[in-house]
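Q: Please take a close look at the ligand site in this structure and describe what surrounds the bound molecule. A word on the cysteines afterwards would also help.

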Amino acid sequence: MNTPRQAPQPMKSLDDALAQLLGFAQTLAGIEQVATLEADGRVLAQDVVSALQVPPQDNSSMDGYAVRCADLADPLQAFPVSQRIAAGSSGTALAPMTVARIFTGAPIPAGADAVVMQEDCAVQPDGSVRIQAMPQPGQWIRRAGEDITRGAVVLSKGERLTPASLGLAASIGMSQLQLVRRPRVALLSTGDELVMPGTVAPQDMPPGAIYNSNRFFLKALLQRLGCEVSDLGIVPDQRDATIEALRGAAAQHDLILTSGGVSVGEEDHIKPAVQSLGHLDLWQIAIKPGKPFAYGRVADAHFIGLPGNPVSSFVTFLMLVRPFLLKLQGVALVTPESIAACAHFTWSRGDKRREFLRVKRNSAGGLELFPNQSAGVLTSVAWGDGLVDNPPGQTIAQGDVVCFIPFSELLA
Ligand code: AMP
Ligand code: MG
């Protein structure tokens, strides 16, 4: 019996592929307690709630004198200094018609309602002080709880910790944080042409050999996203070896990430190997560079196959793998924000796929294009400081406003 001919499937758009991919990324089970000092870049598994207010009490934001404003009617009057309060100590109630020497961060004594900075005070020969600028009540006082109130959620579950958020957690006394565990990722490179730098000197490279560059940036990108990386090296372009490598990797990892060998050539063994061990849910995306992207499952592990071309591999990592790994860690907002920027270049051949062009900001605030946008030219990525997200078929003229995604957004 003849099977009906199937019309060729249109390639998935990036947005559809990403939505599907994120649907597969369920937050990893397992909470890990980690020292706040070691938690940069990790993701909170629980809200962080403050058990105290910050600052804990009203305190001075200047070196100077704590005063009672009502006492200061006469600008010529000198006031005795009844106490000295440094940061880390606490004074006593301020006696009427006296002032207190006070330093930044020291608690305001009861009864005082303003601080006069020392530059506005004249110390008299007998040690008393004349106030030369009349303060408003509340002047130079940092109020208790003005930063954080007791019971406030200062950091939320699903938030990715930054240096500032580590400081904030510490400011409410948190020395340990409850985090989503790190994703365990197996990294594999495919390709018989690949040679690891350090194993063969440049002058001894055999014809056809190239150094394995993808492994280096992929490992670094994974680590920046908080992953525990098992670098499983280079898999030969053979079906059985590919199956063995994938099977072995699946046992211990949340994600198997490969580069190369995922197209349709006779030397591309990834796709059939994944299909023989599990299934492929996504293959080929309408983006340039990066069409031969694949997602599937191998036993209990997620599988993502990146293209071999270095720029394709880099761009698909940023646009697809990064959001996937953030979502695995429970981050709510995973897609990068683009910003409007002015093209200081022309692009006269809009592609039928959505393109990601390597560009760099110039001193005039515009974007310049790397002259060679080939998927194999890794220099474009190292030179650039971001990507222009260019819709299918779109040409770009000098001065056009385009969507720019800075690497600073994607590499953090
Ligand atoms: P493939 O996807 O395996 O057909 O590879 C596409 C292109 O990328 C070929 O020119 C490969 O030599 C190159 N390539 C594949 N893997 C790597 C890698 N790890 N580092 C550098 N280039 C690679
Ligand atoms: Mg290959």
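A: The description below starts with the ligand site and then turns to the cysteines. The model is predicted.

Ligand 1 sits in the largest pocket. There are 15 residues around ligand 1, and those that come nearest are Glu193, Asn212, Gly261, Gly308 and Asn309. Sorted by class, this shell consists of 9 polar, 4 nonpolar and 2 charged residues.

Several polar contacts involve backbone atoms of the protein. On the nitrogen side, a polar backbone atom of Ser213 is 3.1 Å from a nitrogen atom of ligand 1. Asn214 places a backbone N or O atom 3.4 Å from a nitrogen atom of the ligand. An oxygen atom of ligand 1 is 3.1 Å from a backbone N or O atom of Asn309, a residue also listed among those that come nearest to the ligand. On its own, ligand 1 has 490 Å² of accessible area, of which the protein covers 77%.

As for the cysteines, a search of the whole structure returns 0 disulfides. Cys121 is accordingly in no disulfide, and the nearest cysteine sulfur belongs to Cys69, 12 Å away. The cut-off for a disulfide is 2.5 Å between the sulfur atoms, so a pair at 12 Å does not count as one. Cys121 has a relative accessible area of 11% and is therefore buried, the limit being under 20%. Cys227 also counts as buried, because its relative accessibility is 5%.

Definitions and conventions. Residues are numbered from 1 along each chain as its sequence is written. Chains are lettered from A and ligands numbered from 1 in the order in which they are written. This is a predicted model: local features need pLDDT of at least 70, side-chain atom pairs count only at pLDDT 80 or more; totals for chains, interfaces and linings use all residues. Side-chain values use heavy atoms; hydrogens and water are left out. A residue is near a molecule or strand if one of its heavy atoms lies within 4 Å of it. A polar contact is a pair of N or O atoms within 3.5 Å; within protein, one must be able to donate a hydrogen and the other to accept it, and residues adjacent in sequence count only if both atoms are side-chain atoms. Accessible areas come from the Shrake-Rupley method with a 1.4 Å probe; for residues, only the protein chains shown count as cover. On a 1 Å grid over the protein atoms alone, a cavity is a set of points where a 1.4 Å probe fits but cannot get out, and a pocket is an open set with protein on both sides within 12 Å along at least five of seven lines; lining residues have an atom within 4 Å of a point. A molecule sits in a cavity or pocket if more than half of its atoms lie within 2 Å of its grid points. Ala, Val, Leu, Ile, Met, Phe, Trp, Tyr, Cys and Pro count as nonpolar, Asp, Glu, Lys and Arg as charged, and the others, Gly among them, as polar. Buried means under 20% relative accessible area, exposed over 50%, partly exposed in between (1.4 Å probe, protein chains only).
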